[in-house]
Structures are given as structure tokens and as C-alpha cells.
Amino acid sequence: MDAETLEPITSLRQLAAAEAGCTRCPLYKNATQAVPGEGPSRATFMLVGEQPGDKEDLAGKPFVGPAGRMLDQALHDAGIAREKTFVTNAVKHFKHEMRGKRRLHKRPNNYEIERCKIWLDDERKLIKPAAVIALGVTAARSLTGKTLTIAKVRGKPLTLADGTKLFVTVHPSSLLRIEAEADKRAAYRAFVADLKKAAAEVAAV
Ligand code: URA
């Protein structure tokens, strides 16, 4: 449903247009543009990140920066074809603060996540993915309405209210922040293992 006109939304194009005009929370004021989800309308997997980063805000596309490159590599290593995935975010506008000339990412709060959920719900209704993969706590919060601890739920499929399978794993940018090479490699392997598990569960259905 378009939040402004209450017209039903029946295509991704219509949805992107509605998101572009979104003023449901103040984040639109300082962002370049809303960043809609991207991918085929019949995707098997929907991957949900937190919010667009600096590069995504400028490009108008999700996961095109460093976290996106990490995600693409991990999907490849997990044997999940990028063409089978629809990639989106829990929050569609880039939340940041200025530090000198740099725009530093700020985590969206529960109010912003809640106000933006209408768009993620519409994406889910249009795509009807076999499984949703939440990348990090913000995505998990949006999808479940609960504050989850990743370590407690990763690797265990959950079921959303509409019956869709939900897998929760880390956000790829958390891997980019790990400094020790060995730790980073271990965290990357665990991330790929989570993705593989989701793929295996979907294949088994
Ligand atoms: N991080 C996210 O959560 N989403 C993006 O699109 C980019 C970085």
C-alpha cells in the first residue's frame, strides 16, 4: 500500500516511486534519495541489510560499496547466484552525521525502523521469496519486531508471521571492521556457512 495515497502497490517500479516520496520519518531530509531494493521480482532469497551507506545513497542502489563487495563474494562462495537474490534494506534512507566533510553512518533507531517497515513489507508481498536473510540486528528487528542477539539465533531458521523462513546472520560490514586477519577469516567463513545453510534449507523444501 502506498503510505501517502493508500493505493495498492502492484509492481517494484511503483514501490520505488512511492519510496522516493517518503517523508514518514525525518531521515529523508538529509539523504540524497531513497534507495529501493534491487533484484528480480521472482527472487528465491531476499537479503535485508540495515540502511544504504554513503556510496548507496549517492548511487541510489543497495550494497554497491565495500559491504556490498563483501556480500557478493560471500554469496558466490556460498553457491547462491546473485540473480536469485533481491537485496534491500530495513531503512531506505541513509542516516548519518557530518564529521568534517565526511558523512559517518549512524544506526537507525527503533522509530525509524518501524516507520520504514511498510516498504519492506511491500517488497516481501511483491517478491514472495522462499527465504529472507536478515543481515544484522536492524534487519532482524524490522522483520521480527524484536531485539535479537545474532549469536543466539544464527544458524537456526525462524518463521515469520506469514510463514516465510527467516535466517539471521551478521552484517557484512561487521566483517570489514575486524582488524586481526585470522579473526576476519573465521568470521567470513561463519558468514558463508550461514548463507549455505539457508540455501540448503530452501533447496530441501
Ligand atoms: N549496508 C547496508 O546495510 N546496506 C547497504 O545497502 C549498504 C551497506
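These legends walk through several close-up views of one predicted model.

Local features are kept at pLDDT of at least 70 and side-chain atom pairs at pLDDT 80 or more, while totals for chains, interfaces and linings use all residues. Residues are numbered from 1 along each chain as its sequence is written, and side-chain values use heavy atoms, with hydrogens and water left out.

**View 1. The whole protein has eight helices and seven strands.** Helices (H or I, at least four residues) and strands (E, at least two) are DSSP runs, numbered from the N terminus. The C-alpha trace spans about 45 × 45 × 30 Å along its principal axes. For 205 residues, a compact globule would have a radius of gyration near 17 Å, and the protein's 16 Å agrees with that. That radius is taken over C-alpha atoms, and the globule rule is 2.2 Å times the number of residues to the power 0.38.

**View 2. Helix 1 (residues 12–20) packs against helix 4.** Their axes lie 11 Å apart at an angle of about 175°, which means helix 1 runs roughly antiparallel to helix 4. Axes are lines fitted to C-alpha atoms, for helices over the stretch in contact, and angles run from 0 to 180 degrees between N-to-C directions. Under 35 degrees counts as roughly parallel, over 145 as roughly antiparallel, 65 to 115 as roughly perpendicular and the rest as oblique. Leu12, Leu15, Ala18 and Glu19 of helix 1 touch Trp119, Asp122, Glu123, Leu126 and Ile127 of helix 4; contact here means heavy atoms within 4.5 Å. By class, this contact has six nonpolar, no polar and three charged residues. Ala, Val, Leu, Ile, Met, Phe, Trp, Tyr, Cys and Pro count as nonpolar, Asp, Glu, Lys and Arg as charged, and the others, Gly among them, as polar.

**View 3. Helix 4 (residues 110–127) also packs with helix 5 (residues 137–144).** Here the angle is about 70° and the axes are 9 Å apart, so helix 4 sits roughly perpendicular to helix 5. From helix 4, Asn110, Ile113, Lys117, Leu120 and Arg124 meet Thr138, Arg141, Ser142 and Leu143 of helix 5. The mix is three nonpolar, three polar and three charged residues.

**View 4. The largest pocket holds about 620 Å³ of space.** On a 1 Å grid over the protein atoms alone, a pocket is an open set of points with protein on both sides within 12 Å along at least five of seven lines, whereas a cavity is a set where a 1.4 Å probe fits but cannot get out; lining residues have an atom within 4 Å of a point. Grid points are joined across faces, edges and corners, and a volume is the space filled by probe spheres set on the points. Of the 28 lining residues, Ala67, His105, His171, Ser173 and Arg177 lie nearest the pocket's centre. Helix 5 turns up again here, one of the elements that supply at least two lining residues each. The lining has eleven nonpolar, ten polar and seven charged residues.

**View 5. Two cavities of 30 Å³ or more are counted.** The largest encloses about 70 Å³, and its lining includes Cys22, His93 and Trp119. The second largest has about 40 Å³, with Phe167 and Asp194 among its lining residues. Strand 7 (165–169) and helix 8 (181–204) each give at least two residues to that second lining.
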